[in-house]
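Please open the structure in your viewer and keep a selection tool at hand. The tour moves from one selection to the next and says what is to be found at each stop.

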Amino acid sequence: MSPSTERCKPARQSAGGWRMAGAGAALGAYALLSHGLMVYAAREPWAVAVLFGPLVVAVGLAAWQRRQTGLMAACAAGVALLVAIVARGGVADIQRLYVLQHGGLHLALAWAFASTLRSGSTPLITALAQTVHTRFTPELRAYTRWLTGLWVVYFLAMVALSLLLYALAPWAWWSLFGNLLSPLAAGLLLVGEHAVRYWRHPEFERVSLRSALDAYRRQGGP
């Protein structure tokens, strides 16, 4: 590798770190905004558009880039349903739609991970690990299969907690959970598992968390 390439690596890593920090700050700001809107303006038509729009657009764009016509049709149907609800003024029970959005997203992720655990399939995290590890041992294969299952349990637990809070707690509590605590819990599980992995399994080849996330994006993860 040439000296100029070596000098460029820290600059690229720094730029990548700033991009990740900026994305994290933007997501955090949107989570706080969503929580405020759900507590103080949940039934306002413009708030419904702000709260549902970004997710529908993001999923629709990802589906279009990957030519997933079924998912694009589902997004179009979702937009049409929201427009019809708002146009008819039927936003009195909009809280249920927020809960369904949260639960549906986590159920979809649980299915995406669980479907790779079937006999004859490669677990999702195993497939990702194979792209970043140069030494892929049987122990690492077993661990990544277990980790894929752990994420399935996590997503299902989020759905169960969401329904429990919606049924028993004030709406503000659910909003705090759905908008702030859920993504924070996912981040803590991601970072915590990465740290515990090398404490419990020092024999595993070390891979940075950023490399794992880059592999997830390259694979077109759900």
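Begin by selecting His106, which lies in helix α4 of what is a predicted model. With a relative accessible area of 9%, His106 is buried, because the cut-off for that class is under 20%. Show the residues around this side chain and, leaving aside the neighbours within four places in sequence, you will find His106 in contact with Phe155, Met158 and Val159.

Move next to Phe155, one of those contacts of His106. Not counting residues up to four places away in sequence, Phe155 touches His106, Leu109, Ala110 and Phe113. Phe155 and Phe113 are also among the residues with the most contacts inside the largest nonpolar core, a list that further includes Ile125, Leu147, Trp151, Tyr154 and Phe204. That core has 17 residues, and the elements that give two or more residues to it are α4 (94-114), α5 (124-132), α6 (138-168) and α7 (171-200). Helix α6 gives the most, with eight residues. As background to this stop, nonpolar side chains in soluble globular proteins tend to be buried together.

Before leaving the cores, select Ala41, Phe52, Trp171 and Trp174, which are among the 12 residues of another core that lies apart from the largest one. Two of these residues, Trp171 and Trp174, come back later in the tour.

Now select the whole of α6, residues 138-168. This helix has 31 residues and reaches 45 Å from its first C-alpha to its last, close to the 45 Å expected at 1.5 Å a residue. Colour its buried residues, which are Leu140, Tyr143, Thr144, Leu147, Thr148, Trp151, Val152, Tyr154, Phe155, Met158, Val159 and Ser162; against which helices do the buried residues of α6 pack? They pack against α4, α5 and α7.

On the same helix, pick Leu161, which is found in α6 but is partly exposed, with a relative accessible area of 37%. Draw a distance from Leu161 to Gly103, and the two C-alpha atoms turn out to be 9.7 Å apart in space although the residues are 58 apart in sequence.

Colouring by confidence is a useful pause here. Among the elements of the chain, α6 has the highest mean pLDDT (93), whereas helix α1 (residues 3-40) has the lowest (63). For the chain, the mean pLDDT is 77, and 73% of the residues reach 70 or more.

Turn now to helix α7 and select Arg197 and Glu193, which both lie in that helix, four residues apart, about one turn. Their side chains meet in a salt bridge, at 2.8 Å from N to O, and the structure holds one salt bridge. Are the two partners buried or exposed? Arg197 is buried, with a relative accessible area of 13%, and Glu193 likewise counts as buried at 11% relative accessibility. In general, side chains of opposite charge can pair when their charged atoms come close.

Staying with α7, look at the aromatic rings, of which the structure holds nine pairs. The rings of Tyr166 and Trp171 have their centres 6.3 Å apart and their planes at 85 degrees, so this pair is edge-to-face. Tyr166 is partly exposed, with a relative accessible area of 29%, while Trp171 counts as buried at 14% relative accessibility. Trp171 also forms a stacked aromatic pair with Trp174, 5.0 Å centre to centre and with 10 degrees between the planes. Both tryptophans lie in helix α7, three residues apart, about one turn of the helix, and Trp174 is buried, with a relative accessible area of 1%. An α-helix has 3.6 residues a turn, so residues three or four places apart point the same way. Add Tyr98 to the selection, and you have the cluster in which ring pairs link Tyr98, Tyr166, Trp171 and Trp174.

Finally, clear the selections and view the whole chain, which has eight helices and zero strands. Buried residues make up 30% of its 222 residues. Of the contacts in the chain with a separation of 6 or more, 65% are accounted for by residues 24 or more positions apart.

Conventions. Residues numbered from 1 in each chain as written. Predicted model: local features only at pLDDT ≥ 70, side-chain atom pairs only at ≥ 80, totals over all residues. Heavy atoms only, no water. Core = buried A, V, L, I, M, F, W, Y, C linked by side-chain atoms within 4.5 Å. Buried < 20%, exposed > 50% of the residue type's maximum accessible area, 1.4 Å probe, protein only. Contact = heavy atoms within 4.5 Å. Expected span 1.5 Å × (residues − 1). pLDDT = per-residue confidence, 0-100. Salt bridge = Lys/Arg side-chain N within 4 Å of Asp/Glu carboxyl O. Phe/Tyr/Trp six-rings, centres within 6.5 Å; stacked < 30°, edge-to-face > 60°.
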